[in-house]
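I opened this model to look up how the ligand is held and then to check the aromatic pairs. My notes follow in the order in which I looked things up.

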Amino acid sequence: MSRKIAMVVWSKTGNTRLMSKAIKEGAENAGASVEVFKSYNFGIEEAKSYDTIAFGCPAMGAETLEDTEFLPMYETVKPYLKNKKIFLFGSYGWGDGEWMRAWREDAINNGISLFREPIIAKEKPSDDILDKLKSVGRELAFS
Ligand SMILES: Cc1cc2nc3c(=O)[nH]c(=O)nc-3n(C[C@H](O)[C@H](O)[C@H](O)COP(=O)(O)O)c2cc1C
């Protein structure tokens, strides 16, 4: 069955955007349609209308999600993400992925069941990570 997937992406220098493109490619090759949103275009109504949503945001600030656009959007839609298929991804730099561990834990503590473990990339995603993300796209399309 063809699936409709929403992807909400924030990226400053393009690394998380590259990750999102790999997911989109994998999902579309598997027959799904993928709608990509900027943070400020995604709200409660959009969250309600998709069963499958991928969120991408790099580590910003001090091991936090970007906090002027992405985080306010995420906090707004968070109560509406239960019983959906949610996937988290993003790029980081000098840290060790702490921002994603915190994001994952916060999601689980809020009753959000993650579709699979998040995927992170140190700066620009490697080909290996892009391949993994294409597979995630396929899995999101079929499951
Ligand atoms: C303002 C700012 C804050 C950042 N904070 C962190 C951080 O806390 N931890 C980390 O590992 N990387 C941090 N980085 C590095 C970015 O997460 C990294 O460069 C990432 O690849 C950017 O993704 P993007 O290209 O999708 O914007 C920060 C970068 C900027 C510009």
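Before placing the ligand I wrote down the criterion: a molecule sits in a pocket if more than half of its atoms lie within 2 Å of the grid points of that pocket. I also noted that this is a predicted model.

Entry one, the site. I looked up where the ligand is placed, and by that criterion the ligand sits in the largest pocket. The elements that give two or more residues to the shell around the ligand are helix α1 (15-29) and strand β4 (85-92). I then went through the shell by class and found six nonpolar, nine polar and three charged residues. Of the 18 residues around the ligand, I listed S11, K12, T13, A59 and S91 as those that come nearest.

Entry two, the polar contacts. For T13 I found a polar side-chain atom 2.4 Å from an oxygen atom of the ligand. K12, in turn, places a backbone N or O atom 2.6 Å from a ligand oxygen atom, and for G95 I noted a backbone N or O atom at 2.7 Å from an oxygen atom of the ligand. I then looked up the cover: taken alone the ligand exposes 650 Å², of which the protein buries 84%.

Entry three, the aromatic rings. I looked up the aromatic pairs and found that the structure holds ten. One of them joins F42 and F55, whose ring centres are 6.1 Å apart and whose planes stand at 85 degrees, so I entered this pair as edge-to-face. Because F42 lies in the loop between β2 (33-37) and α2 (44-48) while F55 lies in strand β3 (residues 52-56), the pair ties together parts that are 13 residues apart in sequence.

Technical notes: Residues are numbered from 1 along each chain as its sequence is written. This is a predicted model: local features need pLDDT of at least 70, side-chain atom pairs count only at pLDDT 80 or more; totals for chains, interfaces and linings use all residues. Side-chain values use heavy atoms; hydrogens and water are left out. A residue is near a molecule or strand if one of its heavy atoms lies within 4 Å of it. A polar contact is a pair of N or O atoms within 3.5 Å; within protein, one must be able to donate a hydrogen and the other to accept it, and residues adjacent in sequence count only if both atoms are side-chain atoms. Accessible areas come from the Shrake-Rupley method with a 1.4 Å probe; for residues, only the protein chains shown count as cover. On a 1 Å grid over the protein atoms alone, a cavity is a set of points where a 1.4 Å probe fits but cannot get out, and a pocket is an open set with protein on both sides within 12 Å along at least five of seven lines; lining residues have an atom within 4 Å of a point. Helices (H or I, at least four residues) and strands (E, at least two) are DSSP runs, numbered from the N terminus. Ala, Val, Leu, Ile, Met, Phe, Trp, Tyr, Cys and Pro count as nonpolar, Asp, Glu, Lys and Arg as charged, and the others, Gly among them, as polar. Rings of Phe, Tyr and Trp (its six-membered ring) pair if their centres lie within 6.5 Å; planes under 30 degrees apart count as stacked, over 60 as edge-to-face and the rest as tilted.
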